[in-house]
Amino acid sequence: MIKAEWFYWLVGAVFLAMAAQMVVDRTNPKRLGSAAFWGLLGGCFFYSSWVVEKKAPAEPLGVAVLAMVCLGGFPLTGRGVPRTTTPEQRVASAARLGSRLFVPALTIPLVAVVCASAVKHWHIGGEPVLEAGSETILGLGFGAIVGLLVAMVVVRERRPAVPLHAGRSLLESMGWALLLPQLLAVLGSIFQEAGVGTQVGKITEQVLPEGQKYVAVAVYCVGMALFTVIMGNAFAAFPVMTAAIGWPVLIQQMNGDAPVVLAVGMLAGFCGTLVTPMAANFNLVPAALLELKDQYGPIKAQIPTAGALLVCNIAIISLFAF
């Protein structure tokens, strides 16, 4: 049986290897802070296995997260000069390879689909080849490895250290924002456990005019967008706003159609995703990777679309949910 935990260890090992590279990279003025940040993250991938197995306390993981927050927030992390080709060489290489550059990227989802749909049924000696319930994440891990090998073949690169250096450069470019989605997902769970949705619901019921379903729809959709702006993740905002307004008010009190209310409510949350820097993977990371002069450029370009879609979502629920 191939376990998902093995791939988490592999990810941790990659972070530790890159942290070791950062320590000796004197082109990075904040090399020690960068190495500490990513080294702590890599170590957490190994230590967390003992926590899950009840062999070690979880508190050190919390301390590590707080230390990483301090390193990234002050800021004590930086970026070195990557060992890479010149812009002219990259343009020439892209022109030579053409559409073949997409082959490694397409390999990842292809392998993931094969593992999740076919390999999951394979057994050896009565045991499943892939850990039950983790076929998709294992497929993604295998896809990344196969995609890396395919990429090295496509670009005719034989030195394994080159992808590691390129990956480190990418990691430093994205910085702490790479971890923001995971941290915000945890924040959503904390809000849910703390009963924030219930409290928001009580306040909303007192403020909302009784029987004004269209006002309630607008509050639900706008609330989804605003909570997503705060949390950076519509999936984290969804349980809060649905527990507050979507389910008790729109569905139970006003007999709204649940699939319409909940599905379109989630789309309203995605409108918030378009306009928040907290949604780092969608807004800040692309700006960093493309080296845009304005890191908020994607957000500014998406504001009109977000506003128009939010109005459409309010109209869709109002017309089709009741």
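## An exposed lysine and its partner

Lys55 has a relative accessibility of 63% and therefore counts as exposed. In this predicted model, Lys55 takes part in a salt bridge with Glu53, and the closest N and O atoms of the pair lie 3.4 Å apart. The partner, Glu53, has a relative accessibility of 44%, so Glu53 is classed as partly exposed.

## The pair Glu157 and Arg159

A salt bridge also joins the side chains of Glu157 and Arg159, with an N to O distance of 2.9 Å. For Arg159 the relative accessibility is 54%, which means that this residue counts as exposed.

## A buried pair in helix α7

Arg168 and Glu172 form a further salt bridge, in which the closest N and O atoms are 3.6 Å apart. Both residues belong to helix α7, which covers residues 161-174; because Arg168 and Glu172 are four residues apart there, about one helical turn separates them.

Are Arg168 and Glu172 buried or exposed? Both Arg168 and Glu172 are buried. The pair is also part of a network of salt bridges that links Asp25, Arg168 and Glu172.

## Salt bridges in total

How many salt bridges does the count give? The count comes to five salt bridges. Among them are the bridge between Lys55 and Glu53, the bridge between Glu157 and Arg159, and the bridge between Arg168 and Glu172.

Notes: Residues numbered from 1 in each chain as written. Predicted model: local features only at pLDDT ≥ 70, side-chain atom pairs only at ≥ 80, totals over all residues. Heavy atoms only, no water. Salt bridge = Lys/Arg side-chain N within 4 Å of Asp/Glu carboxyl O. Buried < 20%, exposed > 50% of the residue type's maximum accessible area, 1.4 Å probe, protein only. Helix = DSSP H or I, 4+ residues; strand = E, 2+ residues; numbered from the N terminus.
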